[in-house]
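I opened this model to go through a few things in turn: charged pairs, strand pairing, cysteines and surface. The notes follow in the order I looked.

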Amino acid sequence: MSSKSVPVDFRGATVSALENLTLRGAMKTATDMFAVKRAQGVSSIPLEEWRQQASETRCQVLDNLEAMVDEFSANATKAGAVIHRAKDAETARRIILDILKDNRVHKLVKAKSMVSEEIHLNRFLEQHDIKVVETDLGEYIVQIADETPSHILAPAIHKNRRQVGLLFSEKLGVDYSEDPEVLTKIARRQLRNEFLTADAGFSGANFAVSSTGSLAIFTNEGNGRMCTTVPPLHIALLTIEKMLPTLADLALFAKLLPRSATGQFLSSYMTLITGTKKTGEFTGAGHLHIVLLDNGRTDILRGPFRDILKCIRCSACMNVCPVYRTVGGHAYDSTYSGPMGIILTNLLEGMERAHTLLDASTLCGACEDACPVKLPLVSLISALREKRVEMNMGPVIEHFLMKSFGLAAQKPGLYAFAQKMFKKTRPLVNRVGDGLRLDRLPEISEKPMRDRF
Ligand code: SF4
């Protein structure tokens, strides 16, 4: 099912992205806005204290993950949900399809879920004659454009409003407008009918509270609440590391996540779902299935890169990353982009496919400073780069040059000879490398340092 076997051509994608001035303009506008809003959002809180507390809670979750997943499953079952465990993407897709077929579902309305992108759910369901309608505005835009999200929170961040206006006019047959309010009203009109006629709703979850068996979903458009309460059946898909111990812990993350993402003090809609709708209740689905997906997380948890599972998908690291801000999410050719995405993609999809993404970081550390759970992103990327060298995966020329340097550095005579040779061949190197990176090599000093002492 996965089409993700082709190695990521990050360098090639970067060149195309840099030439796309519309993309660069849209990225700059959006990420600048996020950065300013985040700075405003965190200015009024004891940020370091909250970050420390959030980091410790996430470490505690990882230390007790299996027990917390069991506790969550038991409590959610008690509240009326049906729990499914899926070890990989294929199993999760099959479980979801079986639930939909058993309930004779023809149309599914979806709230935004990056995990469903990770397992390529939409394409699979459509191949089995189930109509899937994305209802988050950004997801709806990329769905009708036949694209994939380029940001985990703002899927259509790479498009400006003129492009959205043209898209709506072409695909929905409406008059062209680039007024965001008009465009939002058009999408809302289209989606309202989909909500009312859907057989089932689908969502992810920002967190799962193990002590109560509750799902916490934060949205800004209200579509999450529509998907989880209007249709009679609700399926939630989440990865196992989304656990939090208690509702008291959730309170901190409910304040920290939106501030880190968009600068909002709280998300517009915070939905807490504990089991199915009970007698006398007015909202909620009559049937709730929760699919807990592993898809490599248990292996990551046992290894040296386990800290990446602390991530709460706030997107702060992406919004401040100079590489992501310039080239956008599609260049990463992965569900997850930005600094967090570099690490996660290498761990989930393998370094054979994704190691070129390790170059998508300047290691400036802006991502680490912004991360609300103090994830050591720079150290993790550096450690993966070391692993790439050990696995002989880097560029051949880099490998050759580093090996040669290593040899020469151990033999002073050889080093001095290489230095002299390089100085002599430098004009030729510059000519060959003109316009490439070779002509940026520093000038060799007239007198080497060691001859000065
Ligand atoms: S790594 Fe940190 S900053 Fe980046 S998305 Fe995850 S929690 Fe947010």
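I count a salt bridge when a side-chain nitrogen of Lys or Arg lies within 4 Å of a carboxyl oxygen of Asp or Glu. The model is a predicted one. By that rule I find 21 salt bridges in the structure.

**Entry 1: a pair within one helix**

I looked up E90 and R93. Their side chains meet in a salt bridge, with 2.9 Å from N to O. How are the two placed in helix 5? Both sit in that helix, residues 89–102, and because they are 3 residues apart, about one helical turn separates them. I then checked how each is covered. E90 has 37% relative accessibility, so I list E90 as partly exposed. R93 comes out at 5%, so R93 goes down as buried.

**Entry 2: charged pairs across the chain**

Next I took R297. R297 forms a salt bridge with E241, and the closest N and O atoms are 3.6 Å apart. This pair links distant parts of the chain: R297 belongs to helix 13 (residues 297–302), E241 to the loop between strand 7 and strand 8 (243–244), and their positions lie 56 residues apart in the count. Are these two buried or exposed? R297 is buried, with a relative accessible area of 1%. E241 is buried as well, at 2%; the cut-off for buried is under 20%.

E241 has a further partner. I find a salt bridge from E241 to R313, with the closest N and O atoms 3.5 Å apart. Here too distant parts of the chain are linked, since R313 is in the loop between helix 13 and helix 14 (316–320), 72 residues apart from E241. R313 is buried, as E241 is. Which residues do the shared partners join into one network? I noted E118, E241, R297 and R313.

**Entry 3: strand 4**

I turned to strand 4, residues 200–203, and asked which residues cover its two faces. A200 and F202 are on one side, G201 and S203 on the other, and all of them are buried. I then looked up the pairing. Strand 2 (residues 107–110) pairs with strand 4 in the parallel sense over 3 bridges, and G201 is the bridge partner of V109. Strand 7 (residues 233–239) also pairs with strand 4 in the parallel sense, over 4 bridges. There, F202 has I235 as its bridge partner.

**Entry 4: cysteines**

How many disulfides does the model hold? I count 0. C321 is in no disulfide, and the nearest cysteine sulfur, that of C367, is 6.6 Å away. The cut-off I used for a sulfur pair is 2.5 Å, so this distance does not qualify. C321 is buried, with a relative accessible area of 6%. I also checked C371, which is buried at 7%.

**Entry 5: a nonpolar patch**

Last, I looked at the surface. L407, L414, F417 and M421 make a nonpolar patch of about 390 Å². Which element gives the most to the patch? Helix 21 (residues 412–432) does, with 3 residues. F417 is found in helix 21. I list F417 as exposed because its relative accessibility is 52%, and the cut-off for exposed is over 50%.

Key: Residues numbered from 1 in each chain as written. Predicted model: local features only at pLDDT ≥ 70, side-chain atom pairs only at ≥ 80, totals over all residues. Heavy atoms only, no water. Patch = residues over 30% accessible without salt bridge, like charges linked within 9 Å, V, L, I, M, F, W, Y side chains within 5 Å. Areas by Shrake-Rupley, 256 points an atom, 1.4 Å probe, with all protein chains shown as cover. Buried < 20%, exposed > 50% of the residue type's maximum accessible area, 1.4 Å probe, protein only. Pairing = 2+ DSSP bridges.
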